[in-house]
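Biologist: Please take one strand of this model and look at it closely, covering its burial and its pairing, and then set out some other parts of the fold beside it.

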Amino acid sequence: MTDLPELSLEQCIARRLMLDIRRFGTGEQGHPVLELPPELARGLAALQPCGVILFRENIRDLAQCRALTAQLRECLSPRLLIGIDQEGGRVTRLPRAQATSFSGNMALAACPEAEREQLARQMGAAQAEELRSLGINVNFVPCLDVNSNPDNPVIHVRAFGDDPELVAGMGTAVVQGVQREGVAACLKHFPGHGATSEDSHTGLPRVDRDLAAARQLDLAPFAAVIAGASPALVMSAHIQYPALDAETLPGTSITRPATLSRAIITGLLREEMGFAGVVISDALDMAAISAVLSPAEAVFECFRAGVDIALMPLLLRSPASFAALDVLVAEVATRVRAGELDEAEVRAGAARVAALQAALRLKPGEPEAGGPEMVGCAAHRQLEQRIAQESITLLHGALAPLMPGSRVHLLMPCADSARAMEQALLALEPGLSISAQSLESLDIASEREQVTAADAYIVGVSEPAVAAVVAGGAEDIAGVVDTNPRAVQLSLLEAAAGTPRTVLMLYSPYPAPAFFNCSEAVLASYDAAPEGADGGPGPAFAALAAVLLGMAPAAGTLPVRLA
């Protein structure tokens with residue numbers, strides 16, 4: 001590995017930045033970047049960051065996405081890292097109607113034990129084939145967080161489960177699948193976000209378990225996957241973990257977050273676990289960091305901890321943002337020259353990034369080497385549906401299959417999910433008579449009338465509220481509204497005694513016990529995406545419809561413990 005002596009210190013620092021280009025232009029937020037505006041292209045070319053991360057705002061359709069990634073490489077380098085959070089389930093950036101999205105980690109882990117790791121490996125490979133054909137070479141998967149806190153607001157079904165051994169096995173399989181197809185995988189969120197009770201997009205979470213528990217629960221999957229699958233990247237978490245580093249940030253009582261901790265990043269991840277790849281921070285514009293440090297301070301501190309790539313160091317929304325980035329680079333360089341950080345370490349980090357870029361380099365014409373037909377292809381859609389079907393889990397009671405001619409009333413979280421459930425049921429049994437309402441526009445009197453007239457009452461539950469990472473990031477948190485509807489649903493279900501009642505846990509399974517005493521059956525799908533291939537129902541709804549109609553068993557096994 002070279003230390004890149006031909007580059008200036010400032011160039012080495014810039015090569016260790018990965019930028020968010022969701023919006024750019026005039027006004028506070030700019031406009032969605034679907035193609036490179038000239039001013040953005042000039043700013044990127046002058047700065048020469050190592051990569052960019054794409055969000056939903058950057059992807060209107062597949063052809064446009066390919067054109068954008070080609071523009072980015074032409075502007076910067078064929079070696080450019082282009083990353084994305086294509087986890088599946090709730091965190092999905094590609095358009096669901098065109099690309100294969102899958103049902104997410106907890107759904108995978110709920111599949112039959114004999115098949116789940118192979119399915120995870122196949123899913124990782126399918127994700128990578130589709131991303132690579134779009135010119136994207138880094139997927140920020142898998143989450144190795146052990147979801148040991150049922151009230152965790154940001155992880156939940158993004159985790160495989162609450163058993164470290166299960167998480168390690170599934171994580172190893174996903175990394176193997178992704179990297180087999182030439183895309184870099186990234187373990188997250190080190191040293192483990194699963195025990196937190198706060199979202200790091202909006203605050204600074206803290207984990208207070210002791211060192212023995214940390215090693216047994218949170219750290220074990222990372223150690224196992226690093227040893228068994230050689231992931232290209234590891235992403236740090238913005239969490240306080242005093243058992244791993246109790247030092248506080250200068251002048252504060254705040255325990256040094258993992259992203260900024262040399263004990264955690266260099267001592268634990270690098271030296272103890274032997275990770276030799278690229279360490280990337282979680283987004284530095286998240287409140288966990290940005291509310292405490294300036295962008296330049298945050299970048300410097302994460303470099304001093306041993307992080308190689310500073311992700312989203314500041315909001316890049318206008319030409320003025322590049323002036324702010326120039327100041328950031330200069331401030332970090334000044335502190336390095338003052339001896340606060342060894343310049344050799346800065347260059348070594350840049351060299352690790354360059355080595356990853358070289359390994360992932362896409363030659364001219366190669367982004368489409370897998371062929372555009374790979375995205376959303378029949379084989380991938382079949383795998384998507386198989387995982388969704390085999391993950392459906394009966395959590396309580398017994399199902400009485402819906403019969404042709406039955407009158408079914410649906411109460412779903414939103415209009416889209418109501419429409420998806422209705423379409424999925426009618427696609428398999430056109431003889432059903434279906435009425436539906438959504439919690440978005442619920443008429444209680446009408447609901448009671450329709451339930452009284454129905455032969456079956458099906459209620460969809462989607463808790464907790466959408467987290468910032470689902471909406472797109474910390475910048476979008478203002479648009480997230482918590483509309484916890486549980487009290488209304490419980491009241492309506494209790495009043496419907498005498499009508500067969502089935503509750504569908506469309507997202508987290510943890511709230512399920514609250515519904516056990518007011519339903520005949522409770523099913524979990526771990527996924528509530530209403531849209532699937534070509535605008536049809538999402539795979540979880542198609543899978544639920546097959547189970548509700550008695551056409552498929554609920555073969556899944558719950559991968560977490562319920563209270």
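Modeller: What follows deals with strand E15, then with an open sheet, and lastly with one histidine. The model is predicted, so local features need pLDDT of at least 70 and side-chain atom pairs count only at pLDDT 80 or more, while totals for chains, interfaces and linings use all residues. Residues are numbered from 1 along each chain as its sequence is written, and side-chain values use heavy atoms, with hydrogens and water left out.

Strand E15 covers residues 501-505 (strands, E, are DSSP runs of at least two residues, helices, H or I, of at least four, numbered from the N terminus), and because five of its five residues are buried, E15 is largely enclosed by the rest of the structure. Buried here means under 20% relative accessible area, with exposed set at over 50% and partly exposed in between (1.4 Å probe, protein chains only). In a regular strand the side chains alternate between the two faces of the sheet. In E15 both faces are covered, with Arg-501, Val-503 and Met-505 buried on one side and Thr-502 and Leu-504 buried on the other.

E15 also has two parallel partners (two strands pair if DSSP finds at least two bridges between them): strand E14, residues 456-461, pairs with E15 over five bridges, and strand E16, residues 521-524, over four. On the E14 side, Val-461 has Met-505 as its bridge partner, whereas on the E16 side Thr-502 is matched with Ala-521.

Turning to the open sheet, its eight strands pair in the parallel sense and follow the order E9-E8-E7-E6-E5-E4-E1-E10. Its edges are formed by E9 (278-280) and E10 (310-311), each of which pairs on one side only. Strand E8, residues 233-236, is joined to E9 in parallel by three bridges, and Val-234 stands opposite Val-279 of E9. Helix H8, residues 262-272, lies across E7 (184-190), E8 and E9 and runs at about 150° to E9, where axes are lines fitted to C-alpha atoms, for helices over the stretch in contact, and angles run from 0 to 180 degrees between N-to-C directions.

His-380, finally, belongs to helix H13, residues 378-391, and its 6% relative accessibility is why it counts as buried. Apart from neighbours within four places in sequence, His-380 is in contact (heavy atoms within 4.5 Å) with Thr-100, Phe-102, Ala-126, Glu-129, Glu-130 and Met-374.
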